[in-house]
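Hi everyone, thanks for coming. I'd like to walk you through a structure that's probably new to most of you, so let's put it on the screen.

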Amino acid sequence: MDRFTLKKLINMISQREISSAELVSTYLDRIKKYDHSLNSFLTLNEESAREQSLIADKVIQAGNYSSLTGIPYASKDIFCTKGIRTTCASKMLENFIPPYDSTIIDRIKSSGAILMGKTNMDEFAMGSSNETSYFGPVQNPWNLERSPGGSSGGSAAAVASGIIPIALGTDTGGSIRQPAAFTGITGLKPTYGRCSRYGMIAFASSLDQAGLLALTAEDISIFLEVMSGFDPLDSTSVEQDVPKYSDLIDSSIEGRTVGIPKEFFNDSLDSESQKLLDQGIAIYEKLGAKIIEISLPNIGYSVPTYYVVASAECSSNLARYDGIRYGYRDDDIEDLDDLYRTNRQIGFGDEVKRRIMTGTYVLSAGYYDAYYLKAQKVRQLISNDFEEAFKKVDLIVGPTTQSPAFKIGEKIDDPVSMYMNDIYTISSNLAGLPALSHPIGLIDNLPIGMQLIAPHFEESRLLNFCNLFQQETDYHMQQPQAFLDVRH
Amino acid sequence: MKWETVIGLEIHVQLACKSKIFSSSSTKYGMSQNTQASLVDLGYPGVLPVLNQQAVIMAIKFGLAVDAEIAEKSIFARKNYFYPDLPKGYQISQYELPIVFNGSIEIPIDNNDMKTIRITRAHLEEDAGKSIHDKFDNATAVDLNRAGTPLLEIVSEPDLSSAEEASTYMQKIHQLVRYLKISDGNMQEGSFRCDANISLKPIGSSKLGTRAEIKNINSFRFVEKAIEYEIERQKDILEEGGSVTQETRLYDSDKNETRSMRSKEEANDYRYFPDPDLLPILVDKELIKEIKIDLPELFEQKVDRYIKDYSIKKADAIEIAKNIDIAEFYEAIISRFKGNPQQAANWFLSDLMGHIKKENISITDSIITPESSAELLQRIADNVVSASMTKIILKQLIETTDSVDEIIEAQGLRQISDIDQIEAIILEVLESYPDQREQYLSGKEQVLGFLIGQVMKKTSGKANPKIVNKILLEQIKK
């Protein structure tokens, strides 16, 4: 059993080497056979996927099909899917079946791709290890004792193990890039406003953005074309044309300038990772890029700024979960106060409650100016830093994480250490910038990622750089050994 | 001690948008429970609000009509609190940067004087749903049809100094939003309601007293009564040396009293912050200019025009222009009626408005149309029927589906203007009443009226009175 790229599957379908029904069946078998060791899927869409694959085959036979017709994919369980349980990995939504499709799911459906199931995640996307999931942690296919990262840990583990070719994720502070780095795959968080948030269950509205996890930049470019673009149902989505990303990934980067922020290379980065990063940077140099050192002076405030803004927004976004119209509702309720207290006490996990409390605190009278308002000002300063930097460079390159995947259980009781995990990824969310992580090698058989950050709406530049890197190297094709051992 | 009353009003106006402020559900009133609530109104996971631009335009209209400033950039904020009829756990409102600010409006006070009431701000927000506590045992039901209904909250400065002024101001704003057609102003349906902030201070003192806020008053009469009650209540407390508690109170119209709802200490910390799901409202000067050009004629302008163009009495002009529906009805009559507008106003205010008031309906719901009104007035002006027939015809118009002309024909009401026919009747009358004729000729001229009456009686009132008069004077002397 091979791990196939999306591109490969598209070619196989168009060459009639395989039918959609066979493809869907193969991946369903893989999930059913191997996912018990990963816990990456929460819900399988088996029956509907099989039905859709039969329809797809008819469409393909008729010759009137698009490149994604009949191609299987998975979605993080944060996107509402009509008629398919959408839990956000929370007890609160354990039995929630949305009556509508999120815009992204709808667009992908129109492209012909087939939703195979919903992937595990940190509860309401709050977490960096997938351990806050009500349905249990996801295991990293590279080492089953390790975390695949989070919050899109299920999507990352599923793609890395080859039980799905591509998966949707969301990224509020690094939730696509960090798991991509920990599992040795490629993950893209697009510009804030590039993809519709309608139907994507909100964590922190000003930071959340949908994105993709796949094996290659090329695979991501194919899916991104379908997903992106203005949505009248999301006022924060931007009316700007969507380029044909897959046509732009082969451009030369000769003479392009890459900035290395000196603040990203400090003591918190481990030395082994540093070495791999240097090698990775050297490859970009070899491809013709000019490397210069830059400074992002306020970047050190990213983590505290993020936890104020994200918590504030989540405390309000999650107020709707009261068990009245949907969601967990306890049978034993005394009065109105008790209804809120009990349903939310039992329905939400610890990390979610911790952030709701933090957020409620920073927004409350007397503290608003000192926390929320101050954080918004710092957020602006961080954005300004990037704006200045992009006057000098085309792209910023740095680490995705401080170190390779940590062990499950290692950090879960130390929230601050867990929050520090996102130290390199958070700033692009605060500034709304597109960013990507791609693999650059292994330390002790654990993958390490490199992060690329581009100016607003320059996803094509990220994908172009990454694609050239992946044509030059084969880190992205290294397969998780631990998982293969378990399988055989 | 003598006390001075200080009152500020917050008026909630439901905007006349067809759909809700952040979703496409209908705002139609009186539909069965929870049928006008979309996933957005229900606060489903993942849904997002999209601003209804119509509401923005209506808010700007109001701002321009009260000479306010229109914010180039205003933002929506979330007001966070838990309640079952607030599905998202927050209300989307405007807090720090409202769309309209620094306006003012003139209200009439005693002795034909006018007083300026400053309007601090007017902001857009969504309404909550409705909790129904009395329908089920041990349970509260929630109807979310109203959730997300667009509101404009108009906040005055504490410039009002009596219950009467407060009521006048409320009526003035009501008249204005009806004129601007940004609200139906229907108070029974809750489209227009207010909160009143009331405090007392010693006369001449510059320091404001502690205020109480009376919530959700939905009639002009109640606002007056509630404030009067509240003034007395606070006066009693202060004169006994006590102090007024800052609190929210409810007015009970059945008992005519206000009752405490919650004190300041129990008040929510709403944790306002800018709503990240919505972009700032940006209003450019072009849009303001366009809206300004389209602003309708307002009450004061209408009264002036009626006096100038129609030459009707000022009191009548004011009476007609008071209510935009009535004014438009009257104008629709005038545009069709080729006669004296004052004559039309007389009939309109006495006969037609009498009917409207008696039936207790809105003029727009009346079966009488401007067309039929104009037709009726025209027939009188043209002497087709005599003025004494108008009541009969109006009654028929109300009770049947016949047109004015059909009624005139069917009932044989057409005025007799045929000179020969009238002359014959007059001769008959003079023959029957020789004594009266003698009296007239000997100088007792009042008796002419009696003779005219006899002619009219013989013609069932249909004889043209002018012709009757003329011929009678000729014949009596012969």
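I'll start with chain A as a whole, then go to its sheet, then to the contact with chain B, and end with the domains of chain B. One thing up front: this is a predicted model.

Okay, chain A. We've got 17 helices and eleven strands here. If you draw a box along the principal axes, the C-alpha atoms fill roughly 65 × 55 × 45 Å. What radius of gyration does chain A have, and what would a compact globule have? With 488 residues, a compact globule would be near 23 Å, and chain A comes in at 21 Å, so the two agree. Of those 488 residues, 59% count as buried. And if you take the contacts in chain A with a separation of 6 or more, 77% of them are between residues 24 or more positions apart.

Now the sheet. Eleven strands of chain A form an open sheet with mixed pairing, and the order is β1-β3-β2-β4-β6-β5-β10-β11-β9-β7-β8. At the edges sit β1 (41–44) and β8 (290–294) of chain A, each pairing on one side only. Going from one strand to the next, the twist averages 30°.

Let's zoom in on one pair. In chain A, β10, residues 435–443, runs antiparallel to β11, residues 446–453, and seven bridges join them. If you want a spot to look at, find A:H438: opposite it, in β11(A), is A:M450.

There's also a helix to point out here. Helix α2 of chain A, residues 20–34, lies across β1, β2 and β3 of chain A, at about 15° to β3(A).

Next, the two chains together. How many residues of chain A are in contact with chain B? It's 33, and they meet 23 residues of chain B. On the chain A side, α10 (302–317) and α12 (350–363) each supply at least two residues, and α10(A) gives the most, with three. By class, that side of chain A has 18 nonpolar, nine polar and six charged residues.

Last bit: chain B. It's divided into domain 1 (3–287), domain 2 (297–410) and domain 3 (419–476). The C-alpha centres of domains 1 and 2 of chain B are 36 Å apart. Between those two domains, four residues of domain 1 are in contact with four of domain 2. On the domain 1 side, helix α2 of chain B, residues 163–179, has the largest share, three residues. That side splits into two nonpolar, one polar and one charged.

That's my tour, thanks!

Conventions:
Residues are numbered from 1 along each chain as its sequence is written. Chains are lettered from A and ligands numbered from 1 in the order in which they are written. This is a predicted model: local features need pLDDT of at least 70, side-chain atom pairs count only at pLDDT 80 or more; totals for chains, interfaces and linings use all residues. Two residues are in contact if their C-beta atoms, placed from the backbone, lie within 7 Å. Helices (H or I, at least four residues) and strands (E, at least two) are DSSP runs, numbered from the N terminus. Ala, Val, Leu, Ile, Met, Phe, Trp, Tyr, Cys and Pro count as nonpolar, Asp, Glu, Lys and Arg as charged, and the others, Gly among them, as polar. Domain bounds come from an automatic or database domain assignment. Two strands pair if DSSP finds at least two bridges between them. Axes are lines fitted to C-alpha atoms, for helices over the stretch in contact, and angles run from 0 to 180 degrees between N-to-C directions. The radius of gyration is taken over C-alpha atoms; the globule rule is 2.2 Å times the number of residues to the power 0.38. A residue is buried if 20 or more other C-beta atoms lie within 10 Å of its own, exposed if 12 or fewer, and partly exposed in between; C-beta atoms are placed from the backbone.
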